[in-house]
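Trainee: I'd like to learn how to read a structure like this one. Can we go through it feature by feature?

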Amino acid sequence: MALITIPKLTAKAQKVFNAYIRKRDSQDGYFTCISCGQTKDTSQMDAGHYVPVKRSSALRFDEYNVNGECKACNGFDEFHLIGYRRNLIQKIGQEMVDWLEANQRTIKKWTRSELEEIIEKYKI
């Protein structure tokens with residue numbers, strides 16, 4: 001039997017991790033967007049990265065870097081990071097936000113075993 005490719009394994013890990021974040025950051029079918037602060041139905045929820053994956057593959061699966069964000073802020077609002085940063089500081093503290101920002105250009109090549117561990121750890 002052929003092994004799943006690393007890109008497919010990465011996609012599966014991202015799907016499982018994102019589902020975990022959406023569950024973590026919601027309650028009774030609602031969530032508060034990390035960027036705009038509005039309470040919305042979870043059907044409007046994404047797992048939004050503070051530091052985008054394209055900038056830092058190392059922070060792709062970091063629980064501090066990924067938070068419940070509404071689809072409007074995550075996909076269409078170029079200013080969403082202003083509110084995201086302000087609310088993230090309230091949520092995790094200035095020191096952790098500084099750490100995320102200091103590591104925003106870190107590249108990581110995820111291994112098969114690391115991706116399998118992420119899938120196992122975060123599956124709901």
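Mentor: Let's begin with a term we'll need: a residue is exposed when its relative accessible area is over 50% and buried when that area is under 20%. Keep in mind that this is a predicted model.

Trainee: Let's try that on a helix. Which residues of helix 5 are buried?

Mentor: First the general idea: an α-helix has 3.6 residues a turn, so residues three or four places apart point the same way. Now the case here: L115, I118, I119 and Y122 are the buried residues of helix 5. Looking down the axis of helix 5, you find these buried residues within an arc of 100 degrees, so they line one face of the helix.

Trainee: And which residues are exposed on the other side of helix 5?

Mentor: E117 and K121 are exposed there.

Trainee: What covers the buried residues of helix 5?

Mentor: The cover includes helix 1. That leads us to the cores. A nonpolar core is built from buried nonpolar residues joined through side-chain atoms within 4.5 Å. The largest one here has 13 residues, and A13, F17, F61, L115 and I118 touch the most other members. Helix 1 (6-24) and helix 5 (112-122) are the elements that give two or more residues to this core. Helix 1 supplies the largest share, five residues. Apart from this core lies another, of nine residues, with Y50, L88, I92 and V97 among them.

Trainee: F17 caught my eye. Is F17 buried or exposed, and what does F17 touch beyond its sequence neighbours?

Mentor: F17 has 0% relative accessibility, so F17 counts as buried. Leaving out residues up to four places away in sequence, F17 touches R60, F61, D62, E63, V66 and Y122.

Trainee: F17 and Y122 both have rings. How do I read aromatic pairs?

Mentor: Look at two things, the distance between ring centres and the angle between ring planes; an angle over 60 degrees counts as edge-to-face. A search of the whole structure turns up five aromatic pairs. F17 and Y122 form an edge-to-face pair, 4.9 Å centre to centre with 90 degrees between the planes. Since F17 lies in helix 1 and Y122 in helix 5, the pair ties together parts that are 105 residues apart in sequence. Y122 is buried too, with a relative accessible area of 6%.

Trainee: What about the rings of F61 and W110?

Mentor: Their centres are 5.1 Å apart and their planes are at 80 degrees, so this pair is edge-to-face. F61 sits in the loop between strand 4 (45-49) and strand 5 (66-70), and W110 in the loop between helix 4 (94-102) and helix 5, so the pair ties together parts that are 49 residues apart in sequence. F61 is buried at a relative accessible area of 7%, and W110 counts as buried at 16% relative accessibility. Ring pairs link F17, Y20, F61, W110 and Y122 into a cluster.

Trainee: Which residue lies over the face of W110?

Mentor: K108 does, at 4.8 Å from the ring centre. Both K108 and W110 also turn up among the contacts of S57, together with T106 and I107, once neighbours within four places in sequence are left aside. S57 is in the loop between strand 4 and strand 5, and at 13% relative accessibility S57 counts as buried.

Trainee: Now backbone angles. What is special about phi of D28?

Mentor: Most residues other than glycine have a negative phi. Phi of D28 is near 55 degrees, a positive value in a residue other than glycine. You'll find D28 in the loop between strand 1 (26-27) and strand 2 (30-32), and D28 is exposed, with a relative accessible area of 71%.

Trainee: Let's zoom out. How many helices and strands does the protein chain have, and in what order do they run?

Mentor: The protein chain has five helices and five strands, running α-β-β-β-β-β-α-α-α-α from the N terminus on. Its radius of gyration is 15 Å, close to the 14 Å that the globule rule gives for 124 residues, so the chain is as compact as a globular protein of that length. The C-alpha trace spans about 45 × 35 × 25 Å along its principal axes.

Trainee: And how much of the protein chain counts as buried?

Mentor: Of its 124 residues, 37% count as buried. As for contacts between residues at least 6 apart in sequence, 69% join residues at least 24 apart.

Key. Residues are numbered from 1 along each chain as its sequence is written. This is a predicted model: local features need pLDDT of at least 70, side-chain atom pairs count only at pLDDT 80 or more; totals for chains, interfaces and linings use all residues. Side-chain values use heavy atoms; hydrogens and water are left out. Buried means under 20% relative accessible area, exposed over 50%, partly exposed in between (1.4 Å probe, protein chains only). Helices (H or I, at least four residues) and strands (E, at least two) are DSSP runs, numbered from the N terminus. Contact means heavy atoms within 4.5 Å. Rings of Phe, Tyr and Trp (its six-membered ring) pair if their centres lie within 6.5 Å; planes under 30 degrees apart count as stacked, over 60 as edge-to-face and the rest as tilted. A charge sits over a ring if NZ of Lys or CZ of Arg is within 6 Å of the ring centre and within 35 degrees of the ring normal. The arc is that of the directions from the helix axis to the C-beta atoms. The radius of gyration is taken over C-alpha atoms; the globule rule is 2.2 Å times the number of residues to the power 0.38.
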